[in-house]
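How do helices pack in this model? Two packed helices are described by the angle between their axes and the distance between the axes.

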Amino acid sequence: MDAVLLARIQFALTAMYHFLFVPITLGLSVLLAIFWTKWAREEDDEKRLLYERIGKFWTTLFAINFAAGVVTGIVLEFEFGTNWSEYSKTVGDIFGAPLAIEAIFAFFLESVFLGVLLFGRERVSPKFYAFSAWMVALGTNLSALWILVANSWQQTPRGFYIENGVARLSSFLEAVINYSTPFRFTHMFLAGLITGAIFVGGISAYYILRKKHLDVAKESFKIAVTLGMVASLLQIIAGDLHGYQVARTQPLKLAMMENKWETEEGAGLEIVPGIEIPKLLSILAYHSPDAKVYGIHDLVKTYQKIAKGEEVKEDELPELWLDPRQFSGRASLYITEKDLPPTWIPFWSLRGMVFLGFFFAFITTWGFFSTIQNKLEDRKLLLRLFLISIPLPIVANILGWVVAEVGRQPWVVYYILQTKHAASPLPAGQILSSIILFTLIYSLVFALFVGLMVYKVKKGPEISAEVV
């Protein structure tokens, strides 16, 4: 058994499991803020009672999801010290800062106001209660921002220098923004909105199909698909810009994603193996039909030359930010093609994510026009699609993270630290034992999560006796 491989498997499993809950939290928090704002501003008693029922129902589901996310996320913090101690020693001074900010400011912000949301509806004014819902949404998405700041620095590190083998911070602002944070956060924020919209839309579709709680279901569905449609259409633009950023700052990741081994000008895009659209990859990656897309063979040779201190020509170096003088002679930059993961993993993960993204844009747009035409109950196929689509945004989100994380191997921090040098010197047997233990515990947590969700959905929205 390979201890490093087992450590990677453990982190991947725990991170992916935690990420089952995160996107729902991100998107549902925004929808909750919209629901409770409508409740606070509504003057008609009947409509206000409707929004109260809507808000209370989705707040309960949000709380269940939030609790599961917190329980599964705590483990990840400890794994940096237990399984990845060399990583923590080398870049912990930089990586730890955004994680600390996330915990101190963002997590406590959402936690405090979530307490108001759960227990303070009859103790505070409606306006403050709606404000609390927006603070939960703000805190939740700020948490995602700071986590993405930390991860983006690993992808495109900036604002640092190396001293005695340890990365030191030279510019906090450059480290935070670096070259990829704005693109990656926008992409993730929109993904969260889509996930929350499909979650609310799918459960609402279940009620509409069964002709139960129709008032709550129809209004929830209308608001959810409107937000989901806007987010899905914007995601197409955000995804294109993110791809442009990857091409300019992580060309090896682009080559891995597209299984591109040879450098090519005017490169075509393989939709699937054997079906290629001419020049499309160059257009998407560099917004030019004749742009050069660097292949894996040439990129690996270029990194080897820099690592050996050899001179590199300008046309051999596609990176926007890689300075050969800064990295010359650095052993961590020396890789071979054997160090790379199988290209089929990011290749198919990307295509799965993109296909699902367009599917979400299609069903949310269809749902939006069905609601404004007042024909939603007649669209049985649409409602069934929403119902079976509830887990699909989670799948799309995980596929996106597979592309991001597998695509940057063999580095855990691009050009600075290779993954095989970042792990703790632990016996493989200990790591395997903890993987088995975590799998058992997480399975229990997931069973409780699903059981509570199903129970609450079957019970449905409560019928309030009066308007508060």
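Helix 7 passes helix 8 in a left-handed crossing. A crossing is left-handed if the near helix is turned anticlockwise from the far one by less than a right angle, and right-handed if clockwise. Helices here are DSSP runs (H or I, at least four residues), numbered from the N terminus.

This is a predicted model: local features need pLDDT of at least 70, side-chain atom pairs count only at pLDDT 80 or more, and totals for chains, interfaces and linings use all residues. Residues are numbered from 1 along each chain as its sequence is written, and side-chain values use heavy atoms, without hydrogens and water.

Helix 7 spans residues 181-210 and helix 8 residues 214-249. They pack at about 155°, with axes 7 Å apart. Axes are lines fitted to C-alpha atoms over the stretch in contact, and angles run from 0 to 180 degrees between N-to-C directions. Helix 7 is therefore roughly antiparallel to helix 8; angles over 145 degrees count so, under 35 as roughly parallel, 65 to 115 as roughly perpendicular and the rest as oblique.

Helix 8 also packs with helix 2 (residues 22-41), at about 130° and with axes 11 Å apart. That makes helix 2 oblique to helix 8. This crossing of helix 2 past helix 8 is right-handed. From helix 2, Val30, Leu31, Ile34, Phe35 and Lys38 meet Ser220, Ile223, Ala224 and Leu227 of helix 8. Contact means heavy atoms within 4.5 Å.

Gly329 lies in the loop between helix 12 (324-327) and helix 13 (344-372). Beyond its neighbours within four places in sequence, Gly329 contacts Ile306, Ala307 and Gly309.

Key: Helix = DSSP H or I, 4+ residues; strand = E, 2+ residues; numbered from the N terminus.
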